[in-house]
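Colleague: Got a minute to walk me through this one? I'd like to start with the terms.

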Amino acid sequence: MPPVLSVERVRKSFGGVAAVNDVSLALEPGRIYGLIGPNGSGKTTLFNCITGIERLDAGRVSFRGERIDGLKPWQIARRGIGRTFQIIRVFPELTALENLLVVTRGARAEAERRGRELLEFVRLGDLAGEYAGNLSYGQQKLVEFVRMLMTEPTLILLDEPAAGVNRTLLNDLLDAVSRLRDAGKTVLLVEHDMKVVMGLCETVFVLDHGEKIAEGPPGAIQADARVIEAYFGR
Amino acid sequence: MAAAILSVLAALAAYPVVGTGYGVRSVQQIFMWIALAGSWNLISGLTGYVSFGHVAFFGAGAYAGAILVASAGWPWPLAALAGGAAAVVLAVVIGYPCLRLKGPYFAIAMLGLNEVLRALVSYFEGLTGGGNGLSLPTLDASVPIYYVMGVLAVVVTAMSWLIVTSRFGLRLMTIREDEVAAEAMGIDTFHHKLAALLLSAVGPGVAGALMARDQGYIEPISVFPLAITVTMIVMALFGGKGTVFGPVLGAAALFVAQEIVWARYPYVHPLLFGAIIVGVVLLMPRGVLGLLQQRYRLPRTI
Ligand SMILES: Nc1ncnc2c1ncn2[C@@H]1O[C@H](COP(=O)(O)OP(=O)(O)O)[C@@H](O)[C@H]1O
Ligand SMILES: [Mg+2]
C-alpha cells in the first residue's frame, strides 16, 4: 500500500527564513504519528503546507498516491485530510451544531443527527444551540475537533490539541484519537506534552529550525542526542 | 408570525385603492429599498465581503431596462426582468476577478466598478444618450409598478429566508467568520461568494429597471450615485446585517425617518444620516434585530 501521506523535500520560507527546510516524511495508514520540536521549529507551517494554506517553495506532497500540493485547501479537505488549528478557529457566530452542519453535504436530517451524536460524544450535547463564540476555550477546541470529524477524513492533523484543555477533557480527546486510529484513520499529532506523545504515538518526527532532525519510536527519540540538544541545549 | 406577515401584505396590496399618489409612491420607494438593502445583505451581511458598489447593479438594470423600452419597444415588465438579467451578467463579469481579492480590496474594487460603469455609460452616447440622459415614452404605470416592486421586495426577502435557513447560507456566514477555517473544512469559498454575489445582483437590477420606467428619464448621475449604495448599507446595518428581516426593518424605518427629517430640516438631513451611520456602527454594530437575536437567542428566521 502506498503511504497515506508522503511529504517529499518540502521547503517553505518567509522573507528569506526557512520555516520548513527540506522536510520529508511518510505516514502509513492506521497509525498515530507525533510531530514535535521547539516553538518556531516549523510544525504549524508544515501543516499549512500539507493542507494547502501555504504554497510550497519546493518539494511535493502526495495523499494516497496523488499529488495534492497546488490544490486549493478546500479540495485537499474534500479528498480526506482534516485538521484542527493551534489557535482556535471555530465559527463564533454560528452555534456549535451549525459549526458541524456547514461542513456536511447530503441529507440535512442525517447530518443533524450525526452532528448531535458527535457533540454528545464530547459531552457538549446540551450546548448544541449555543453560539460557539460563547463556549469556553476547551469547549471550542472540542467543537473544532468534532467539526473536523464531520468531514470524515482519512488523515487527521491535530495542532496542539491538548494545550489549554483540562485533564478530563484531554483524556476524552486522547481516547477519541486512539479510537480513530483503531477505525483505520491516520493521525499526525503536534504535541508538547511528552507523556501524551509517548503514550500515543508509534513514530515521532522531530523538527528543529525547520529541519527534520530525527525520526523513530518515542523511546529512541527521547534518548537521541540531537533531540536533547534541540530542546535543552544552547 | 405568518399571520402577521400575511395581514401586512394584504394591507399593502389594498393600499393603492385608498392611498394618495404621494403615499403610493412612498410605499413603492420603501419596497425598492427593501429589495436593495436585502440584496446587499446577501453578499455583504452574510459573507462579510462589503460591496461599496452595489448601485452598479441598480444602474446596469436601469440602463438595460430603459434601452429595451425606449429603443426596442419592450413592455416594461419584461424589460424589468431583463434588467435583473443584465445585473447578473455584470456580477459574473466582475465577480470572477474581484472575489479573489480579500475583503477590503473587494470593497474598493466594487467602488471602482461603479465609477467605471458610469464612465462607460457616458461614453457610449449612441445607445445611452450619454450625459444627456435617456427618456422613455410617457406612461403612467405607477400603480402596476407599485405591485411589481412589492413582489420584488417579497421575493428578495423570501430568498433571504431560504438562504439564511439553509446550509448554503450558513456556509456563506463561515466566510465572514473565518474564511481560512472554512476552506480547511472543505468549503469552496470562492464559488459560494460568487453565487451570493449573483443572487444579490438580481434585486437591484430589477429595481433599477422599474425605477427607470417609473421616472421616465434616467441619466448617469441619477442611477449610479454612491448615495444609493450608502443608503442600502446603512439600512441593512441599522436593521441587522445577516438577518432576514433586518433590511426590511431598516429600509422602512430609515425611509420614514428620512422623509420626516427631510421635509422639516432639509439642510441637516445629510448630517442626520451621517450621525445614524456613526451611531449604529459604534453603539449597535449588529443592528436592531442582530442585537435582539443575540440577546434573546432568537432563531435565524427573524
Ligand atoms: N505567515 C508567516 N509569515 C512569516 N513568518 C511565519 C509565518 N508563519 C510562520 N512563520 C515563521 O516560521 C517559523 C515557524 O513557525 P511555526 O510553523 O508556527 O512553528 P511551530 O508551529 O513549530 O511553533 C517561525 O519562525 C515563524 O515566525
Ligand atoms: Mg505551531
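Modeller: Sure. A polar contact is a pair of N or O atoms within 3.5 Å; within protein, one must be able to donate a hydrogen and the other to accept it, and residues adjacent in sequence count only if both atoms are side-chain atoms. This is a predicted model: local features need pLDDT of at least 70, side-chain atom pairs count only at pLDDT 80 or more, and totals for chains, interfaces and linings use all residues. Residues are numbered from 1 along each chain as its sequence is written, chains are lettered from A and ligands numbered from 1 in the order in which they are written, and side-chain values use heavy atoms, with hydrogens and water left out.

Colleague: OK. How far is an oxygen atom of ligand 1 from a polar backbone atom of Lys43(A)?

Modeller: That distance is 2.9 Å. An oxygen of ligand 1 also sits 2.8 Å from a side-chain N or O atom of Thr44(A). For the side chain of Thr45(A), the figure is 2.5 Å. The protein buries 58% of the 560 Å² that ligand 1 exposes when taken alone (areas by the Shrake-Rupley method with a 1.4 Å probe; for residues, only the protein chains shown count as cover).

Colleague: Which element gives the largest share of the shell around ligand 1?

Modeller: H1(A), with three residues. Helices are DSSP runs of H or I, at least four residues; strands are runs of E, at least two; both are numbered from the N terminus.

Colleague: Switching to the metal. Which residues coordinate the magnesium ion?

Modeller: Thr44(A), through OG1, and Gln86(A), through OE1, at 2.1 Å. The two are 42 residues apart: Thr44(A) is in helix H1, and Gln86(A) is in the loop between strand E6 and helix H3. Donors are N, O and S atoms within 2.8 Å of the metal (3.2 Å for Na, K and Ca); water is not among the atoms, so sites may look incomplete.

Colleague: Why does Thr44(A) count as partly exposed?

Modeller: Because its relative accessibility is 27%. Buried means under 20%, exposed over 50%, partly exposed in between (1.4 Å probe, protein chains only). Gln86(A), at 29%, is partly exposed too.

Colleague: New topic. How many disulfides over all chains?

Modeller: Zero. The rule asks for a pair of cysteine sulfur atoms within 2.5 Å. Cys201(A) is buried at 6%. Cys98(B) is buried at 11%.

Colleague: And what is phi for His209(A)?

Modeller: Near 50 degrees, positive though His209(A) is not a glycine. His209(A) lies in the loop between strands E9 and E10 of chain A.
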